[in-house]
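Please examine the model below with attention to how its helices pack and how charged side chains pair. The explanation that follows takes these two topics in turn.

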Amino acid sequence: MSADPGTVDLLLPAAREHRVSMPSPGSGQSERSRRSGGAARAGLFLAGVLVLVASVAAGTRIGSAEVGWSDLGRVLGARLGLAVEPLPPLLDSLVWDLRLPRVLMAALVGASLAVCGTVLQAVTRNALADPYLLGVSSGASTGAVTVAVLPLSGPAAGALGITGGALVGALLSFGLLVALLHRTGLDSGRIVLTGVVVGQLFTALTSLVLMASADADTTRALTHWLLGSMAPARWDAVMVCAIVTPLGLVAARLCANSLDGLAFGADTAASLGIGVRRTRMLLLVVTAVLTSVAVATVGAIGFVGLIVPHGVRLLVGPLHRVLLPHAALAGAVFLVWTDALARAAFAPREIPVGVITALLGVPLFLLVLRRRGEL
């Protein structure tokens with residue numbers, strides 16, 4: 001398998017150091033080129049941060065009730081203790097308790113799912129991988145629904161209780177996946193097929209719990225939520241995601257060189273000194289945790305992990321130390337605007353954001369299949 005020279009340089013630091021110690025006539029030009037590329041990527045990242053901040057501010061204004069820029073500034077100023085005239089309580093609550101947590105949650109979940117998709121596409125060497133490949137989202141849905149509807153939930157059915165239930169369900173589904181693959185390892189083809197089987201099992205269990213334990217209104221509400229909706233987002237859930245998402249991104253970023261090696265295959269990664277099995281397991285646990293927290297809060301939102309990494313890879317290249325933070329930014333911006341579209345397209349009626357991501361993701365899914373020669 002041929003590889004881009006820049007990728008090989010990063011995967012083989014010893015070779016890079018050897019070339020630096022023995023400069024060639026074109027080494028100065030190569031060094032300037034690398035510095036120029038690094039500056040361009042840094043500028044792109046900064047632009048992405050600014051776009052994200054602007055998107056969060058604009059997304060907070062979008063909805064059935066009009067919120068002006070000055071209203072948003074007064075709400076934030078009042079919370080920061082600045083000398084500003086406070087808004088009427090109803091409008092203040094609309095912005096602070098409903099809109100802002102929702103938009104921030106969309107950004108955090110979008111970043112989580114994009115990072116998970118990026119990691120899984122490298123770990124499984126499968127361009128079609130996204131966070132739902134392993135059936136982890138189905139397991140998380142089962143755990144969250146169980147905590148929400150069964151009598152044992154009681155007061156524990158708040159954000160932390162449902163998140164805990166989702167995490168347990170995600171880890172159970174992940175454990176089942178690993179048990180089924182323990183003889184063959186995490187082979188790309190087998191993990192896809194086994195993930196589908198595990199996902200279908202937990203989807204059936206979710207339906208069983210709903211039919212057996214929930215009344216008609218609860219079943220309707222949870223079915224809508226499972227399609228993906230930012231409406232339940234509140235500050236306590238935002239805080240959980242605000243802790244988990246950066247930790248997951250840092251863990252994935254620390255494994256960036258290992259992800260570069262895994263993208264070339266297990267044999268190549270092992271020859272570079274990467275503990276393939278240990279690294280794969282660590283990264284799959286990270287994606288399980290990130291996905292479970294996202295599902296517990298906003299339901300199952302598909303295709304973000306498929307759409308975003310492919311698009312970002314075209315802009316910044318395949319190296320994961322660069323790809324991961326840019327994918328997180330792009331995923332955050334993408335889901336903020338997708339949620340805004342879900343709110344505004346048929347206002348005052350709101351459609352699940354998972355429906356919008358599926359409508360956008362299916363054509364790309366088919367395009368990737370066609371490029372791989374499988375369609």
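A crossing of two helices is called left-handed if the near helix is turned anticlockwise from the far one by less than a right angle, and right-handed if clockwise. With that convention in hand, the predicted model can be approached through helix H5, which spans residues 89-123. The crossing of H5 and H13 is left-handed. Helix H13 comprises residues 276-298, and its axis comes within 9 Å of that of H5, with a crossing angle of roughly 150°. Angles over 145 degrees count as roughly antiparallel, and H5 and H13 are therefore roughly antiparallel to each other.

The residues that form this contact can be followed along both helices. On the H5 side they include Met105, Val109, Leu113, Cys116 and Val123, while H13 contributes, among them, Arg280, Leu284, Leu290, Ala294 and Val298. By class, the contact of H5 with H13 has 13 nonpolar, four polar and one charged residues.

Helix H5 also takes part in charged pairs. The whole structure holds five salt bridges. In one of them, the side chains of aspartate 92 and arginine 79 meet at 2.9 Å, N to O. Aspartate 92 belongs to helix H5 and arginine 79 to helix H4 (residues 69-79), so this salt bridge ties together parts that are 13 residues apart in sequence. Aspartate 92 is buried, because its relative accessible area is 14% and the limit for burial is under 20%. Arginine 79, by contrast, is partly exposed at 38% relative accessibility.

Arginine 102, also in helix H5, pairs with aspartate 339 in a salt bridge of 3.0 Å, N to O. Aspartate 339 lies in helix H15 (residues 320-344), and the pair links distant parts of the chain, 237 residues apart. Both aspartate 339 and arginine 102 are buried; for arginine 102 the relative accessible area is 9%.

Which side chain does glutamate 350 meet in a salt bridge? The partner is again arginine 102, with an N to O distance of 2.6 Å. Glutamate 350 sits in the loop between H15 and helix H16 (353-371), whereas arginine 102 is in helix H5, so the pair ties together parts that are 248 residues apart in sequence. Glutamate 350 is partly exposed, with a relative accessible area of 26%.

These pairings belong to a wider arrangement: a network of salt bridges links Arg102, Asp339, Arg343 and Glu350.

Notes: Residues are numbered from 1 along each chain as its sequence is written. This is a predicted model: local features need pLDDT of at least 70, side-chain atom pairs count only at pLDDT 80 or more; totals for chains, interfaces and linings use all residues. Side-chain values use heavy atoms; hydrogens and water are left out. A salt bridge is a side-chain nitrogen of Lys or Arg within 4 Å of a carboxyl oxygen of Asp or Glu. Helices (H or I, at least four residues) and strands (E, at least two) are DSSP runs, numbered from the N terminus. Buried means under 20% relative accessible area, exposed over 50%, partly exposed in between (1.4 Å probe, protein chains only). Axes are lines fitted to C-alpha atoms, for helices over the stretch in contact, and angles run from 0 to 180 degrees between N-to-C directions. Angles under 35 degrees count as roughly parallel, over 145 as roughly antiparallel, 65 to 115 as roughly perpendicular and the rest as oblique. Contact means heavy atoms within 4.5 Å. Ala, Val, Leu, Ile, Met, Phe, Trp, Tyr, Cys and Pro count as nonpolar, Asp, Glu, Lys and Arg as charged, and the others, Gly among them, as polar.
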